[in-house]
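Here are my notes after a look through the model. I've put them as numbered points, so pick up whichever you like.

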Amino acid sequence: MRHTNRVIAGLFGLGLATAGVAALAQPSAGPSTGITFRNTVTGEQLDVSQGKEGGRDTPAVKEFFQTGKNLYIDDKSCLRNGESLFATSCSGCHGHLAEGKLGPGLNDNYWTYPSNTEDAGLFATIFGGANGMMGPHNENLTPDEMLQTIAWIRHLYTGPVKDAVWLNDEQKKNYTPYKQGETFPTDVKGQCKPLE
Ligand code: HEC
């Protein structure tokens, strides 16, 4: 009898321990997001806490995770960083100006996956990858760096303004297709600190 009790107590303890682990697992599942990010190809939900550490507590990332709105669009300090991040991680396949190379062009209004016209969709493609050579980039870019990269990709756009759904009305009014040769001073003011 005593033995049986101990077994039951043991099982009960195990149950508690499991519940404890489940409860603990919650916070490590990362920032709660107002919107759900899904893999561009499979539709599987992405866990934005996975991957390269850091870059999750900036005001821009917090806003983006809640609303999908990218505060870095048109911010010169972020464009300066985004240009360099894009050059390191993306341009080898997508071309220096995102004109397309091994990977498709990202500077026109044709998208294999129309979800990429929203910054949340573009983020999901960068974070979780797409088909073939388009692997996930969450191990080499933080969410904050992805938002900077997205701002740069949007800046490279040369297509019709009516299809630039990532721009608000004010930004649409000021839109001019990207022209080569623009440079940003390293100390340009804005939300993004120079990259280390
Ligand atoms: C090793 C080569 C390679 C690298 C590096 C790469 N891509 Fe890609 N990318 C591809 C290929 C190939 C595709 C087409 C995959 C598909 O259709 O599913 C693609 C597709 C995409 C698409 C979908 C475009 C559409 O028309 O819907 C986006 C967006 C994209 N890449 C962004 C990026 C960004 C941003 C980076 C850098 C962080 C990057 N890629 C790095 C090869 C690459």
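**Notes on the ligand shell, helix packing and two loop residues**

1. Start with the ligand: the shell of residues around it splits into 13 nonpolar and eleven polar, with no charged ones. Keep in mind that this is a predicted model. There are 24 residues around the ligand, and the ones that come nearest are Cys 90, Cys 93, Gly 103, Ala 130 and Asn 131.

2. Which helices feed that shell? Helix H4 (91-94), helix H5 (119-128) and H6 each supply at least two of the residues around the ligand.

3. H6 also turns up in the helix packing, so to speak, with H3 as one partner. The axes of helix H3 (residues 76-89) and H6 come within 7 Å and cross at roughly 95°. An angle from 65 to 115 degrees counts as roughly perpendicular, so H3 is roughly perpendicular to H6.

4. As for who touches whom there, H3 brings Cys 78, Leu 79, Asn 81, Gly 82, Glu 83, Leu 85 and Phe 86. On the H6 side they meet Glu 145, Gln 148, Thr 149, Ala 151, Trp 152, Ile 153 and His 155. Sorted by class, this H3 and H6 contact holds seven nonpolar, five polar and two charged residues.

5. Now H2 against H6. Helix H2 (residues 59-67) packs on helix H6 (residues 143-155) at an angle of about 80°, and their axes are 9 Å apart. That makes H2 roughly perpendicular to H6. Ala 60, Val 61 and Phe 64 make the contact from H2, with Pro 143, Asp 144 and Leu 147 from H6. By class, the contact of H2 with H6 has five nonpolar residues, one charged and no polar.

6. Two backbone spots deserve a look. Most residues other than glycine have a negative phi. Asp 74 is not a glycine, yet has a positive phi of about 70°. Asp 74 sits in the loop between H2 and H3. Is Asp 74 buried or exposed? Neither label fits: Asp 74 has 18 C-beta neighbours inside 10 Å, so it counts as partly exposed.

7. The other spot is Ala 98, with a positive phi of about 60° although it is not a glycine either. You'll find Ala 98 in the loop between H4 and H5. Ala 98 has 24 C-beta neighbours inside 10 Å, and 20 or more is enough for a residue to be buried, so Ala 98 counts as buried.

Key. Residues are numbered from 1 along each chain as its sequence is written. This is a predicted model: local features need pLDDT of at least 70, side-chain atom pairs count only at pLDDT 80 or more; totals for chains, interfaces and linings use all residues. Axes are lines fitted to C-alpha atoms, for helices over the stretch in contact, and angles run from 0 to 180 degrees between N-to-C directions. Helices (H or I, at least four residues) and strands (E, at least two) are DSSP runs, numbered from the N terminus. Angles under 35 degrees count as roughly parallel, over 145 as roughly antiparallel, 65 to 115 as roughly perpendicular and the rest as oblique. Two residues are in contact if their C-beta atoms, placed from the backbone, lie within 7 Å. Ala, Val, Leu, Ile, Met, Phe, Trp, Tyr, Cys and Pro count as nonpolar, Asp, Glu, Lys and Arg as charged, and the others, Gly among them, as polar. A residue is near a molecule or strand if its C-beta atom, placed from the backbone, lies within 6 Å of it. A residue is buried if 20 or more other C-beta atoms lie within 10 Å of its own, exposed if 12 or fewer, and partly exposed in between; C-beta atoms are placed from the backbone.
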